[in-house]
Amino acid sequence: MSSTPRFSTASSLDVVGIGNAIVDVLVQTEDQFLSDHNLSKGSMALVDEDQAKSLYEASGPGLETSGGSAANTLAGLAQLGSKAGFIGRVRDDQLGTIFIHDIQSVGTRFETPAAVSGASTARCLILVTSDAERTMCTYLGASTQLDPDDLDLSMVRDTKVLYLEGYLWDSPAAKKAFITAAEACRESGGQVALSLSDGFCVDRHRESFLELVDGHVDVLFANEDEIKSLYGAADFESALEQVKGRCSVAVLTRSAQGSVVLCGDQRWEIPSYKLGDLVDTTGAGDLYAGGFLHGYTHDFPLDVCGKMGSICAGQVVTQLGPRSKVSLPDLIAKHLD
């Protein structure tokens, strides 16, 4: 199923991601817990360290795993057999140890030294109610202190694709690291992929993101709300027309309605894959990006890349947490013709 090679130079790594290094704490809970703690169902709220600690202590037992959008994508890539690396900042504390062990255990290369001072490791309490809705309380901690000195540019120069999450744009130091890494990757013949992360992130940084997409990004990932927000479009089709040609490839997801992949004047409609009952949508977009980039860096046609992403997303929503509990390569082999 391979096509013309997309990458002219040999690289040791397929994808290197840079993003917030967060420990996800996933807890199945009831609506009453949200009401008791004045949490808006389905929201993502930033909290300080004291709030994070009190909510953690009040919630029930949970699943703790390395998280953050880009880290989830890289873990998915490693599970698929891609050579993956991640750059992010943790503190030398208990949660930092959990993050490092967890992401390395799935086969992702992670070598950023843990900080010995400053804020503690970031964590996100993800409260999952019986309707599979997620309510997230995030303490960003050490992750926002990523700066250019934390970058391993040898990794960045030795990858086919550098994958960046839009959340990095919220921190001036991380934003500088983001640009430094992107320039180093492109100078070495690699490509840059960007995930817009969420609609509120786009709202905060619209002008900067527009400049990035036009001048620095080869592959753009966004969901329907994010791409509409980026271009101030009233509907999805209008947003598609505006993003067309702005970057080499645009990958736009629409939950149960599947996804659309654009490249030049070509357009592919990718179906969603319902592989079980909906349990938890944590990591769905991240695993879609992982599946797509696995196909992309192995020279599969773009419609097949989209199907790989859709299959991975379809699986992860049937379970709690962003790490597939079944073999993703086997799943793709089963569902792809």
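1. Two strands count as paired here if DSSP finds at least two bridges between them. Keep that in mind while looking at this predicted model, and start with β12 (residues 249-253) and β13 (residues 259-263). These strands pair in the antiparallel sense over 4 bridges. To find the pairing on screen, pick T253, which stands opposite S259 in β13. The two strands make a hairpin with 5 residues between them, and S255 in that turn has a positive phi of about 55 degrees.

2. Now stay with β13 and look to its other partner. β13 also pairs with β14, again in the antiparallel sense, over 5 bridges. L262 is a handy marker, as L262 stands opposite R267 in β14. This hairpin has 2 residues between the strands, and G264 takes a positive phi near 60 degrees. How many of the 5 residues of β13 are buried? The count is 4, so the strand is mostly covered.

3. W268 is worth a click while you are in this area. W268 belongs to strand β14, which covers residues 266-270. Setting aside residues up to four places away in sequence, W268 touches S259, V260, V261 and C263, along with L302 and D303. There is also a link across the sequence: W268 and G306 are 38 residues apart along the chain, while their C-alpha atoms are separated by 8.5 Å.

4. Next, helix α12, which spans residues 302-316 and holds S310. Is S310 buried or exposed? S310 is buried, with a relative accessible area of 6%. Apart from neighbours within four places in sequence, S310 is in contact with I270, P271, S272, Y273 and Y288. One of these, S272, is 38 residues from S310 along the chain, yet the two C-alpha atoms are separated by 5.7 Å.

5. On to the sheet. There are 5 strands in it, forming an open sheet in the order β3-β8-β7-β2-β4, with mixed pairing. The edges are β3 (44-46) and β4 (63-67), each of which pairs on one side only. From one strand to the next, the twist averages 20 degrees. As background, strands of a sheet pair through backbone hydrogen bonds, either parallel or antiparallel.

6. Both kinds of pairing turn up around β8 (residues 134-139). With β7 (residues 122-128), β8 pairs in the antiparallel sense over 6 bridges, whereas β3 and β8 pair in the parallel sense over 3 bridges. R123 stands opposite Y139 in β8. M136 is a good residue to centre on: M44 stands opposite M136, and M136 is also the bridge partner of I126. β7 and β8 form a hairpin with 5 residues between the strands, where A132 takes a positive phi near 75 degrees. Why is β8 largely enclosed by the rest of the structure? Because 5 of its 6 residues are buried.

7. Two helices to look at against this sheet. Helix α2 (residues 49-58) lies across β2 (22-28), β4, β7 and β8, and runs at about 40 degrees to β7. Helix α4 (residues 94-105) packs on the sheet too, touching β2, β4 and β7, and its direction makes about 70 degrees with that of β4.

8. For a helix-on-helix contact, try α3 (residues 69-80) and α13 (residues 328-335). Their axes come within 7 Å and cross at roughly 70 degrees, which makes α3 roughly perpendicular to α13. By class, this contact has 4 nonpolar, 2 polar and no charged residues. The residues that meet are G76, Q79 and L80 in α3, and L328, P329 and I332 in α13.

9. Last, the cysteines. A disulfide is a covalent bond between the sulfur atoms of two cysteines. How many disulfides are there? With a cut-off of 2.5 Å between the sulfur atoms, the count comes to 0. Take C185: the closest cysteine sulfur to its own is in C247, at 15 Å, so that pair is too far for a bond. C185 is buried, at 1% relative accessibility. For C305, the closest cysteine sulfur is in C263, at 11 Å, which is also too far for a bond. C305 counts as buried as well, at 0% relative accessibility.

Terms used
Residues numbered from 1 in each chain as written. Predicted model: local features only at pLDDT ≥ 70, side-chain atom pairs only at ≥ 80, totals over all residues. Heavy atoms only, no water. Contact = heavy atoms within 4.5 Å. Buried < 20%, exposed > 50% of the residue type's maximum accessible area, 1.4 Å probe, protein only. Axes fitted to C-alpha atoms, helices over the stretch in contact; angles between N-to-C directions. Parallel < 35°, antiparallel > 145°, perpendicular 65-115°, else oblique. Nonpolar A, V, L, I, M, F, W, Y, C, P; charged D, E, K, R; others polar.
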